Amino acid sequence: MDGLNKGLRKIEIAMRWDPSPAGQPSTDLDLVAATYLSDDPHGDPAYVVHFDSRSPDGTIYLNRDSQDGQGFGYDEVMTLELDRLDVRYARVVVGVVIQQRPSERTFVSVINPGLRIREGYTVLAEDDFGSVLGATATTVAEFVRDGSGPWEFRPGLHGFEGDPVEFTRTMGAAHRP
């Protein structure tokens, strides 16, 4: 039956957190996704999708963006249409960045964070960022494929301490096989 496996197709990555207490600056988390070409799957990203962009072909986009965690349910949602992504892309890495205004923040200061990754109604992963409390950003998922084969999901959080701009440049190089 493996010949009938189409792999992962359309993925939803959703994140939630509670607003900062009254009188404190708001907490702003952002989902980011970076794509990598088949000929350099661990090099520089071909492009990065974040709060004010989308993929050139419309296959990766932010459905919901929150700057403060206010609202019900998931505050920030990104969709990856892997089944439509061009064959020249072999890898997509997704991360979460904490905006560092007006002061540096890590996940330990984010109130009630949560992450859910699913395809349709099937939950692939859930997390509370407890393993990366000292980080300012973290990768949360990696999707890979060989050639035009099916996409595979590799879960796991890998924290990053430093500038968010540096994170988006290096997020795919951090965990080479």
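Here is a chat between a student and a tutor about a predicted model, covering its two sheets, one strand residue and its largest pocket.

Student: Let's start with the sheet that holds β6. In what order do its strands run?

Tutor: This one is an open sheet built from five strands, and the pairing is antiparallel. Its edges are β3 (47-49) and β10, each of which pairs on one side only. From one strand to the next, the twist averages 20°. Reading across, the order is β3-β2-β6-β9-β10.

Student: Zooming in on β9 and β10, which residue of β10 does A137 stand opposite?

Tutor: Strand β9 covers residues 137-144 and runs antiparallel to β10. Seven bridges join the two strands. Across from A137, in β10, you'll find F160.

Student: Now the sheet with β1 in it. Which are the edge strands there?

Tutor: Again we have an open sheet of five strands with antiparallel pairing, in the order β4-β5-β1-β7-β8. The twist here averages 20° from one strand to the next. An edge strand pairs on one side only, and that picks out β4 (60-64) and β8 (122-127).

Student: How many bridges join β7 to β8?

Tutor: Strand β7 spans residues 114-119, and β8 runs antiparallel to it. As a landmark for the pair, I117 stands opposite A125 in β8. The number of bridges joining them is five.

Student: What about M78: buried or exposed?

Tutor: M78 sits in strand β5, residues 76-81. Plenty of residues from elsewhere in the sequence touch M78, among them I11, I13, L31, V49 and L62. The cut-off for buried is under 20% relative accessible area. M78 has 0% relative accessibility, so M78 counts as buried.

Student: And what separation do the C-alpha atoms of M78 and Y61 have?

Tutor: Y61 is on the list of residues that M78 touches. Along the chain, M78 and Y61 are 17 residues apart. Their C-alpha atoms are separated by 5.7 Å.

Student: On to the largest pocket. Which elements give two or more residues to its lining?

Tutor: Twelve residues line the largest pocket, with A90, V144, R145, D146 and R154 lying nearest its centre. Its volume is about 210 Å³. The elements giving two or more residues to that lining are β6 (89-98) and β10 (152-160).

Student: How many residues of that lining are charged?

Tutor: The lining divides into three classes. Five residues are nonpolar and two are polar. That leaves the charged class, which numbers five.

Terms used. Residues are numbered from 1 along each chain as its sequence is written. This is a predicted model: local features need pLDDT of at least 70, side-chain atom pairs count only at pLDDT 80 or more; totals for chains, interfaces and linings use all residues. Side-chain values use heavy atoms; hydrogens and water are left out. On a 1 Å grid over the protein atoms alone, a cavity is a set of points where a 1.4 Å probe fits but cannot get out, and a pocket is an open set with protein on both sides within 12 Å along at least five of seven lines; lining residues have an atom within 4 Å of a point. Grid points are joined across faces, edges and corners, and a volume is the space filled by probe spheres set on the points. Helices (H or I, at least four residues) and strands (E, at least two) are DSSP runs, numbered from the N terminus. Ala, Val, Leu, Ile, Met, Phe, Trp, Tyr, Cys and Pro count as nonpolar, Asp, Glu, Lys and Arg as charged, and the others, Gly among them, as polar. Two strands pair if DSSP finds at least two bridges between them. Axes are lines fitted to C-alpha atoms, for helices over the stretch in contact, and angles run from 0 to 180 degrees between N-to-C directions. Buried means under 20% relative accessible area, exposed over 50%, partly exposed in between (1.4 Å probe, protein chains only). Contact means heavy atoms within 4.5 Å. Lists of a residue's contacts leave out its neighbours within four places in sequence.
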